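The exercises below walk through one protein model in stages, each with a task and a worked solution. Please keep the sequence and the 3D view open while reading.

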Amino acid sequence: MLVTAYLAIIFLLVLCVGLEITARRLTPPQSTPTAVANPAFRRFQSIFLQAYLLALWADWLQGPYLYKLYHYSFLESQIAILYVCGLASCVLFAPFSSWLPQALGRRQTCLLFCLSYSVCCLTKLSRNYFVLIVGRVLGGLSTSLLTTAFESWYVHRHVEVHDFPKEWIPSTFTKAATWNHGLAVGAGFVANLLAEWLRLGPVAPFLLAVPCLMCCGWLVLTDWAKEESEGGPEGGKQTLLLGASNGGATRLSAKARFSRSCHEGLRCLLSDRRVMLLGVVQALFESVLYIFVFLWTPVLDPHGPPLGIVFSCLMAASMAGSLLFRLATSTRYHLQPGHVLCLAVLVAFFSLFMLTFSTAPGQPRPHESFLAFLLLELACGLYFPAVSFLQGRVIPEEKRAGVLAWFRVPLHLLACLGLLALHGEVSGTGGGESGSGTRHMFGGCAIMMLVALMAVVSLFTLGRNDTDLRLEGTRGEGEMF
């Protein structure tokens, strides 16, 4: 597995470079010359990305060795409970994290993220089970804040304060997504360097994440504050000041706005069958990914691979998938995002089906499992841009935050139930590869992916002639399926 991992990362990086060159040739960047030439926008974008990318980097550093860190002191069933605590806290804090930027202030909420995630990383120094549970709860809070607070600050400043065109927003997050893939691959190399090459142990990447988070917090505290003072007061701060002066009425209005957003989101979810089917696909697909995050290390680690390099391989496979999406939807190949989404779910189903055989008790086939994991990550790279496009077309913009909040509830609950089921099987069979819990879990995930595939087919059968589900340049060119 050691040689396989290094050969795989070389092959995948070469593949990504080749796909990037091809994608740039076939899909020349649709840049916005006005935005590129606008120095105020470029400065504002740079201030945001510096802090945001540091936050993402600190998050990725914690991926490769989390399971192995716990494995030194606890049984697999106990580790499953730790993961469940993290997922359950995501469910509990998801509504709170959406409301908090309005009440506390957007910049202050980003600072809270830096603090809570730093404490989460420091809890990894302890071997006390309760302390680790607290760390997982803080990790769930931090993950929720990372997905909401930074974007909330940027969009608010972009639209409400600087009055830049809304059409410029995607350029910032496209750039962040491009950097995000590279950061994920690099995080695996750095984590492997610290944990294995320098023999500092699996806790080392978590300790490195702390100064990264502190640098992120410093940028938020200084550069963002300076940007706010030059561009106008921050909305959340105004909320607090007004709330103090009028008995908290404005703060209550923030709660009322959030409550209304949730109600409108639920109404949209229940009234539009397309939205419901898309929610089913997202809940099933992404809950399987959470279970995969727990299972990949115990499946491969007994065979001695460098976990950091394996993590980089998985992230490079995901990058390759996103590049393939760009190629597939280019003007040369004319595939619709719906086609790509169907392909992504089908590839994910095939990889999970492979894993039910490669993880058979007493007959592990780690190379086949590794290949299946790479295919699953390739499917992720195809899935996320496709589902993001469809969400933008199916869900009204003013209701999107509320609808996506409802999507995340069954997503995390399914993942929690899956890990609890695995905990029960592991406890009953003794765990490890001698038991059948891992194989049964992959079988259950394959069934979930099959249901997701049926939901995708139903979605596009329902919207067969729906031009909203097509790319702009290919509307009216026939049916989706």
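**Exercise 1. Check the length of helix H7 against its residue count, and describe its surroundings.**

Solution. The model is a predicted one, and the check begins with the ends of the helix. Helix H7 covers residues 129-146, which makes 18 residues, and at 1.5 Å a residue these should span 26 Å. The C-alpha atoms at the two ends are 25 Å apart, which agrees with that expectation.

The next step is to look at the start of the helix, where a side-chain oxygen of Asn128 comes to within 2.9 Å of the backbone nitrogen of Phe130.

The last step concerns burial, for which the cut-off is a relative accessible area under 20%. Among the buried residues of H7 are Leu132, Gly135, Arg136, Gly139 and Gly140, and the list also includes Leu141, Ser142, Ser144, Leu145 and Leu146. The cover over the buried residues of H7 includes helix H3 (39-61), helix H4 (66-71) and helix H5 (76-104), together with helix H6 (106-122) and helix H8 (149-161).

**Exercise 2. Repeat the length check for helix H8, then list its buried residues and say what follows it.**

Solution. Helix H8 contains 13 residues, and the distance from its first C-alpha to its last is 17 Å, close to the 18 Å expected at 1.5 Å a residue. Its buried residues include Ala149, Phe150, Trp153 and Tyr154, as well as His156, Arg157, His158 and Val159. After H8 comes Asp163, a residue with a positive phi near 60°.

**Exercise 3. Trace the salt bridges that involve Glu20, and find which parts of the chain they join.**

Solution. Side chains of opposite charge can pair when their charged atoms come close. The structure holds 6 salt bridges, and one of them joins the side chains of Glu20 and Arg24, with an N to O distance of 2.6 Å. Because Glu20 and Arg24 are 4 residues apart in helix H1 (residues 2-26), about one helical turn separates them. Arg24 is exposed, since its relative accessible area is 57% and the cut-off for exposed is over 50%.

Glu20 also forms a salt bridge with Arg326, where the closest N and O atoms are 3.2 Å apart. Glu20 belongs to helix H1 and Arg326 to helix H14 (residues 307-328), so this pair ties together parts that lie 306 residues apart in sequence. Arg326 has a relative accessible area of 31% and is therefore partly exposed. Taken together, Glu20, Arg24 and Arg326 are linked in a network of salt bridges.

**Exercise 4. Decide whether the partners of the Glu368 and Arg365 salt bridge are buried or partly exposed.**

Solution. The side chains of Glu368 and Arg365 meet in a salt bridge at 3.0 Å, N to O. Glu368 counts as partly exposed because its relative accessibility is 37%, and Arg365, at 32%, likewise counts as partly exposed.

**Exercise 5. Locate a nonpolar patch on the surface, and place it within the whole chain.**

Solution. Leu193, Trp197, Leu198 and Leu200 form a nonpolar surface patch, and together they have about 390 Å² of accessible area. Leu198 sits in the loop between helix H9 (169-197) and helix H10 (204-231), and it counts as partly exposed because its relative accessibility is 48%.

For the whole chain, the exposed area is about 20,600 Å², of which carbon and sulfur atoms supply 67%. The chain has 18 helices and 0 strands, and 53% of its 481 residues count as buried.

Key:
Residues numbered from 1 in each chain as written. Predicted model: local features only at pLDDT ≥ 70, side-chain atom pairs only at ≥ 80, totals over all residues. Heavy atoms only, no water. Patch = residues over 30% accessible without salt bridge, like charges linked within 9 Å, V, L, I, M, F, W, Y side chains within 5 Å. Areas by Shrake-Rupley, 256 points an atom, 1.4 Å probe, with all protein chains shown as cover. Salt bridge = Lys/Arg side-chain N within 4 Å of Asp/Glu carboxyl O. Buried < 20%, exposed > 50% of the residue type's maximum accessible area, 1.4 Å probe, protein only. Expected span 1.5 Å × (residues − 1). Contact = heavy atoms within 4.5 Å. Polar contact = N/O pair within 3.5 Å; in protein donor to acceptor, adjacent residues only side chain to side chain.
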